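Here's a quick briefing to read alongside the picture. Take a moment to look over the chain from end to end, then work through the points below.

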Amino acid sequence: TCGFGQLTSTIARNRHLDQATVRALVDQAPFQAEEAQKKGLVDGLLYRDGVYGAVQKLIALGPEGVLSELPPMRRVGFLLVRAKVAGKQQKQAQQQGKKKGKTKGWPAKAHEHEE
């Protein structure tokens, strides 16, 4: 479970703020978008079409391009998310293999890819 202390320490670490500041900000919340940005709680503000455009740009760049666009501290988070997604995909493939009566998650032979 995630307690208040864990939540504020995670926000503090990820936003490069001290935990006392984060606790004070939580007590003052909610904020208008511009105020949240000034206080360091969000990186930027975009309307929906701006978000879609940013996501399309990142998709076009591919994983390595995304890494080059991110500030150094955000690259670590991106790599962790990427590893977590890959782990979930591997687990899903293993579960699908078990449902089909296979003992291993990955096809042992090339023809097992085809269905």
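**A quick tour of the chain**

Let's start with Glu69, which is partly exposed, with a relative accessible area of 44%. Keep in mind that you're looking at a predicted model. The protein chain has 5 helices and 0 strands, so reading along the sequence gives you the pattern α-α-α-α-α.

**The chain as a whole**

- Of the 115 residues in the protein chain, 11% count as buried.
- The accessible surface of the protein chain adds up to about 9,300 Å², and 57% of that belongs to carbon and sulfur atoms.
- Take the contacts in the protein chain with a separation of 6 or more: residues 24 or more positions apart account for 15% of them.

**Helix H1 and what comes after**

- How many residues does helix H1 have, and how far apart are its end C-alpha atoms? Helix H1 runs over residues 4-15, which makes 12 residues, and its end C-alpha atoms are 16 Å apart. That agrees with the 16 Å you'd expect at 1.5 Å a residue, because the expected span uses one less than the number of residues.
- Which residues of H1 are buried? They're Thr8, Ala12 and Arg15. These residues cover an arc of only 85° around the axis, so they sit on the same side of H1.
- Right after H1 comes His16, which is in the loop between H1 and H2. His16 has a positive phi of about 60° even though it is not a glycine.
- Is His16 buried or exposed? It's exposed, because its relative accessible area is 51% and the cut-off for exposed is over 50%.

**A salt bridge**

- Side chains of opposite charge can pair when their charged atoms come close.
- The count here comes to 1 salt bridge. The side chains of Asp43 and Arg15 meet in a salt bridge, at 2.7 Å from N to O.
- Why does this pair tie together separate parts of the chain? Asp43 lies in the loop between helix H3 (33-38) and helix H4 (48-69), while Arg15 is in helix H1, so the parts being tied together are 28 residues apart in sequence.
- The two partners sit in different surroundings: Arg15 is one of the buried residues of H1, whereas Asp43 is exposed, with a relative accessible area of 54%.

**Helix H2 and the loop after it**

- Thr21 has its place in helix H2, which covers residues 19-28. At 30% relative accessibility, Thr21 counts as partly exposed.
- Thr21 and Lys39 are 18 residues apart in sequence, and their C-alpha atoms are 9.7 Å apart in space.
- A cis peptide bond joins Ala29 and Pro30, with omega at about 5°. Pro30 lies in the loop between H2 and H3.

**Helix H4 and a nonpolar patch**

- Which residues make the nonpolar surface patch of about 510 Å²? They're Leu46, Val51, Tyr52, Val55 and Ile59.
- Val51 lies in helix H4. At 37% relative accessibility, Val51 counts as partly exposed.
- Back to Glu69, which is also found in helix H4. Leaving out residues up to four places away in sequence, Glu69 touches Lys57 and Leu61.
- Glu69 and Leu58 are 11 residues apart in sequence and 8.6 Å apart in space, C-alpha to C-alpha.

Methods: Residues are numbered from 1 along each chain as its sequence is written. This is a predicted model: local features need pLDDT of at least 70, side-chain atom pairs count only at pLDDT 80 or more; totals for chains, interfaces and linings use all residues. Side-chain values use heavy atoms; hydrogens and water are left out. Helices (H or I, at least four residues) and strands (E, at least two) are DSSP runs, numbered from the N terminus. Buried means under 20% relative accessible area, exposed over 50%, partly exposed in between (1.4 Å probe, protein chains only). The arc is that of the directions from the helix axis to the C-beta atoms. A salt bridge is a side-chain nitrogen of Lys or Arg within 4 Å of a carboxyl oxygen of Asp or Glu. Contact means heavy atoms within 4.5 Å. Accessible areas come from the Shrake-Rupley method with a 1.4 Å probe; for residues, only the protein chains shown count as cover. Patches are made of residues with over 30% relative accessible area and no salt bridge: like charges are joined within 9 Å, nonpolar side chains (Val, Leu, Ile, Met, Phe, Trp, Tyr) within 5 Å.
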